[in-house]
Amino acid sequence: MSEDPPFTTVDVCIVGGCGRVGLPLGIAFASRGLSVLLYDINADAVATVNAATLPFAEPGAAEALAEAVAAGRLRATTDPASVGVSEHLVVVVGTPVDEHLNPDLGAVPRALERCAEHLRDGQLVVLRSTVYPGVTALTEKLLAGKGIRADVAFCPERIAEGRAMTELFALPQIVAARTPGALARAEKLFRHLTEQIVPLEPEEAELAKLFTNTWRYIKFATANQFWMMANDFGLDFARIRHAVAYDYPRAADLPMPGFAAGPCLFKDTMQLAAFNRNNFVLGHSAMLINEGLPLYLVSRLEERFDLSELTVGILGMAFKGGSDDPRESLAYKLRKILALKTRETLCTDPHVVDDRFVDLDEVLRRADLLVIAAPHEQYARLETDKPVIDMWGLTGQGVRV
């Protein structure tokens, strides 16, 4: 291994620390003067971070990363022994659902199993991942079963991609633990970032995070269903929404339509459904609406155009505007559907790197029809005489399809 030897002791070690949740958190702690070690099994990401380079886009993080690495306050490693050198261990690994939409209860325990021999008595183990209710208790049992006397806390991440370096310091932090001592230690750790602490029981906090993401998913489904209703009657939802929300605070949170995608909202809605014995009509209905949106969009296009004779350009493949993250993006589902219907389908994105994509200029030249699939700001000022399908309202020309 070519990396430097681990720190003798550090304040915080983050498991899964080179990802989109762990790295901003590590940078934030380092910016407040703590020494931080990032443990990650992705050797390429570790090397990138140690070179003081951000492996993904996150406004404000690149400069802070370079400063923290230069000051010796932050470093990454693939060595599992690193988890034993810190007082605080924060776990931020992903917690997916499987192909049957069942939650993976073992993601966090597996991450700890990989390095369990290096854990030691007296550490504070903080679960930062969004977990199925009961995983905090499962972690407590796992550590106790191995004879490790550690405090365990659940402190869910609450940031949105693209806003991490602001929200880590601005948003209240939910802190949950089984004992007063563990709660006090977790609260002290996160007070390095924010003075606003919300204490809960672990199971309350696990549900609080799932409720948060599910609420957003359901709100997006509501807007998408409203948009489809308006479309089917030839009406412009953007005008209707403006009238509903204008200077009317009780409707101010009604979103515009668009793909509700990414690695969290759908997955966490399904975790909540599983927790409630799959008795979650509202959540499953939201899934049908949001996941069905690409099919609805193409069906509307088929009513207006002979797609078999057209080259269609998909603008934006990230899961949301301004992001370079393609995970769980519904633009890929749209591409798959259109590939069966069109003469040719072209994809472009200013942020996502993919050898299969082409430049925007080429798409504008070759395509007969354009569909905005991710609302990147570059697409708000398109100069083209081709039809543009804009369900997001990005171009200000209405959202009828």
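Here are three short exercises on the predicted model above, each with a worked solution.

**Exercise 1. Overall fold**

Find how many helices and strands the protein chain has, and decide how its radius of gyration compares with the globule rule.

Solution. Start with the elements: the protein chain holds 14 helices and 12 strands. Next, take the radius of gyration, which is 23 Å, close to the 21 Å that the globule rule gives for 401 residues, so the chain is as compact as a globular protein of that length. Then look at the extents: the C-alpha trace spans about 65 × 45 × 40 Å along its principal axes.

**Exercise 2. Burial, contacts and surface**

Work out what share of the residues is buried and what share of the accessible surface belongs to carbon and sulfur atoms.

Solution. With buried meaning under 20% relative accessible area, buried residues make up 51% of the 401 residues. Turn to contacts between residues at least 6 apart in sequence: 72% of them join residues at least 24 apart. On the outside, the accessible surface comes to about 18,200 Å², and 53% of that belongs to carbon and sulfur atoms. Finally, the charges: the mean positions of the 40 positive and 52 negative ones are 4 Å apart.

**Exercise 3. A strand and its partner**

Are the faces of strand 5 (residues 124-127) covered or uncovered, and how does strand 4 (residues 86-91) run beside it?

Solution. Recall that side chains in a regular strand alternate between the two faces of the sheet. In strand 5, Leu124 and Val126 lie on one side, Val125 and Leu127 on the other. All four are buried, so both faces are covered. Now add the neighbour: strands 4 and 5 run parallel and are joined by four bridges, with Val91 standing opposite Leu127.

Technical notes. Residues numbered from 1 in each chain as written. Predicted model: local features only at pLDDT ≥ 70, side-chain atom pairs only at ≥ 80, totals over all residues. Heavy atoms only, no water. Helix = DSSP H or I, 4+ residues; strand = E, 2+ residues; numbered from the N terminus. Rg over C-alpha atoms; globule rule 2.2 N^0.38 Å. Buried < 20%, exposed > 50% of the residue type's maximum accessible area, 1.4 Å probe, protein only. Contact = heavy atoms within 4.5 Å. Areas by Shrake-Rupley, 256 points an atom, 1.4 Å probe, with all protein chains shown as cover. Lys, Arg positive; Asp, Glu negative; His and termini not counted. Charge placed at Lys NZ, Arg CZ, Asp CG, Glu CD. Pairing = 2+ DSSP bridges.
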